Every structure is written in C-alpha cells, then in structure tokens.
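Work through the exercises below with the structure open beside you. Try each task before reading its solution.

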Amino acid sequence: MAVLVTGGAGYIGSHAVASLKERGEEIVVVDNLEQGHRAAVTGGKLYVGDLRDKDFLETVFKENSIDAVIHFAANSLVGESMQNPGKYYHNNVYGTLCLLEKMIEHNVLKIVFSSTAATYGEPENVPIDEYDRTLPTNAYGETKLAMEKMMKWFDVAHGLKFVSLRYFNAAGAHESGLIGEDHNPESHLIPIVLQAALGQRPHISVFGEDYDTEDGTCIRDYIHVSDLADAHVLAVERLRTGADSSIYNLGNGQGFSVKQVIDIARLVTEREIKAVIEPRRSGDPAVLVAASNRARSELGWNPKRNKLEDIIRSAWNWHVANPQGYKGKTQE
Ligand code: UFG
C-alpha cells in the first residue's frame, strides 16, 4: 500500500517524502509545482496536477493502492492571505474538500495533516498546548483551522481518522544536502538571514524591536524540518494501528528571539550579517513557543536535531551548495 503525499515537492513535504523513503514506504506524490520543485522529490511517483481537478485526482487514486494520505498542499504566506483571502479559501479549503471527498469515495480513511501554530493566533499561554484557544489572526491560519474542522466532521460522518500536526517554525535542511528550503518569494527569517550572509541581500530587516521580550524582538520556536518529517511518518503508523483522530503541536519548546537567530547565524556562517531595525510586520505575535509533550508521549516523537546552531548549520550547508536553490538544479 502506498502513502499519498500532497504537496510533496514543497519544503516540508519533500522532507516527509525523504523520511518515508528511509522507512521503505511506497510513495505517491501529487504537486501542482506552483511552489514545489520537481527536483525536491527524491522518492516515489510524481503526479503533477491540482487537487481541485477531480479527474486528475481520480486517476491518482485509481492507479495506486493508497492506504493513507499526508496532506501538505496549500498556500502558506500569511501576508498574501491577508491581501487575497479568496485564494486561500479556494486552494486550501476547497482543495482539501476535493481531497477528502475523493478519499471517502475510495475508502481511504487515514490522513495526516500539515497544520500550523497560526491556528492559535495570539497565544493565551506560553508555551501553547493543544487545548488552548484557537483564534487565528490571519486568513492563512483561519483556512488551516477550517481544514482541521472539515476533517473532524468527516470523521463523525464517515469515520475518516486524522492526525493534525501544528508546526511552529520549520527550519534547516536534509542532512544529505539534496533538499532544502527554497521559497519564491522567501519570507522566512532563517533563509533570509543566510541569503544576507551569502551577499544575496544587503541586510536582514528586523521587524520590530519594541516587543515585550528581553531584547525587544519576536521569539519563535524553531524545529528541524527532518524532525517534523519524522513526526508525519509516526502519525501514519499511529493511524494504521486504528488510533482515533488527534491534534499535536510540533516544536522544540524553546524560544529564540530574532536577534538571537541572527547572532547564531553569524557564528555558524562566520560572515558579517548586517541587521537593520524596521517597523513591526502586521500580525506577528510576540512569542510563539510550543508544548509538544503530547506528540512525544502519544506519537513517540523524539526530535533529535534540537540545537538551533545545528539547525542553522544544516540550512547553511544547503544554501552554500545551492545558492540559487533548485533553480541551479533544474528548470523547476
Ligand atoms: N522576521 C524578521 N525579518 C524577516 C523575516 C522574519 O524580522 O525578514 C521575523 C518575523 O517578524 C518573526 C520571526 O522573524 O518575528 C519569524 O518569522 P518567519 O516569517 O520566519 O516565521 P513566522 O513565525 O512568521 O511564521 C511561521 C510560518 C507560518 C506560520 C507561522 C505561525 O512560516 O507559516 O509560523 O505558525 F503561519
């Protein structure tokens, strides 16, 4: 039986494909390559197409014996979601509806879902646990929450079992050096800092120095992408035992400020990285740190790449070897 990975050519999806391959799983990847890269898919059979194309999806399910789905395919830019929420509802929510309906039609009743800390919005408690209030402050987080709720009602009606994984800040790159982070446009802190170290940008803009934190910059919980990827494999294994639906936070439980990240990047890269303080970016909570005890105890998740220095070093290795990202590898 195969695991279908939607969005498997994207940053986190491609690392999940690598983890599945390491476990000897049969893999089918679906990606419309709008954001994903063909060269990022290092295992399985790739179908290029969109979840909203029902004939396309029917072909994928007909041609393969799929027993579980890992669903990454989605738009994920917070800023863009505020400018163009319709795009997020259409691709994320409607795309998920098409996928779930096709799964039910083919009696595929296990799904692992790529969710986000953005479902919580401004946190009530630090660290955040899965029982905390979900009140997204942006359209992206709202669509991810809507997708989680859709799965809940498909469970009630059809017995679809899901594991929703709410990531904090994914970072780093696969130890093979073959796959890493390459977004266009890039909006994430660590790749931008490393691009500044490579001289591809004149500086890193620090969005706000007046937050209620020790050094005034925002605090985030950075988690290695391969540790995230491993959690998806464990979640598939858990669903195969007949477990009930559940939601887990995935983070390190340790927060680092924007300034701390830049300082560690200076140490790792041994390059000058100029930082310029700029106004706050809208919608950024001051502190986002995960309580991930539940994933550890119930999934048996044991993140191994915990030191931020090592996470940044793995990202740096990828950036140095692939300064143009996947563009240097193929056309896509
Ligand atoms: N930041 C800068 N300068 C930059 C980029 C980011 O100062 O050029 C700051 C941000 O303001 C924030 C921190 O660095 O304080 C981290 O920003 P990222 O954009 O790397 O990550 P976010 O915490 O905003 O977003 C991540 C995911 C989103 C998800 C969100 C909440 O990328 O998909 O966490 O879960 F929605």
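**Getting oriented**

UniProt lists residues 3–251 as "domain: NAD-dependent epimerase/dehydratase", in an unreviewed entry. The model is predicted.

**Exercise 1.** Find the helix and strand content of residues 3–251, and how far apart the end C-alpha atoms are.

*Solution.* Start with the secondary structure: this stretch is 38% helix and 20% strand. Then take the ends: their C-alpha atoms are 24 Å apart.

**Exercise 2.** Describe the shell around the ligand and say where the shell lies relative to domain 1 and domain 2.

*Solution.*
1. List the nearest residues. Of the 21 around the ligand, these are Ala117, Ala118, His188, Leu189 and Cys218.
2. Sort the shell by type. Eleven residues are nonpolar, seven are polar and three are charged.
3. Look for the elements that supply at least two residues each. Among them are helix H5 (139–158), helix H6 (189–197) and strand E8 (204–207). E8 gives the largest share, four residues.
4. Place the shell. Domain 1 (2–171 + 223–250) and domain 2 (189–220 + 253–328) both contribute residues, so the shell lies between them.

**Exercise 3.** Explore the largest nonpolar core: which members touch the most others?

*Solution.*
1. Recall the background. In soluble globular proteins, nonpolar side chains tend to be buried together.
2. Pick out the best-connected members. Among 99 residues, Val193 and Leu250 touch the most other members.
3. Find the main contributor. Helix H7 (residues 225–240) supplies the largest share of this core, nine residues.
4. Place the core. Domain 1 and domain 2 both give residues to this core, so it lies between them.
5. Trace one residue. Beyond its neighbours within four places in sequence, Val193 contacts Ile204, Val261, Ile262, Ala265 and Ile273.

Technical notes. Residues are numbered from 1 along each chain as its sequence is written. This is a predicted model: local features need pLDDT of at least 70, side-chain atom pairs count only at pLDDT 80 or more; totals for chains, interfaces and linings use all residues. A residue is near a molecule or strand if its C-beta atom, placed from the backbone, lies within 6 Å of it. Helices (H or I, at least four residues) and strands (E, at least two) are DSSP runs, numbered from the N terminus. Ala, Val, Leu, Ile, Met, Phe, Trp, Tyr, Cys and Pro count as nonpolar, Asp, Glu, Lys and Arg as charged, and the others, Gly among them, as polar. Domain bounds come from an automatic or database domain assignment. A nonpolar core is a set of buried Ala, Val, Leu, Ile, Met, Phe, Trp, Tyr and Cys residues joined through C-beta atoms within 7 Å. A residue is buried if 20 or more other C-beta atoms lie within 10 Å of its own, exposed if 12 or fewer, and partly exposed in between; C-beta atoms are placed from the backbone. Two residues are in contact if their C-beta atoms, placed from the backbone, lie within 7 Å. UniProt positions are given in the numbering used here, feature names are shortened, and annotations may be inferred rather than shown by experiment.
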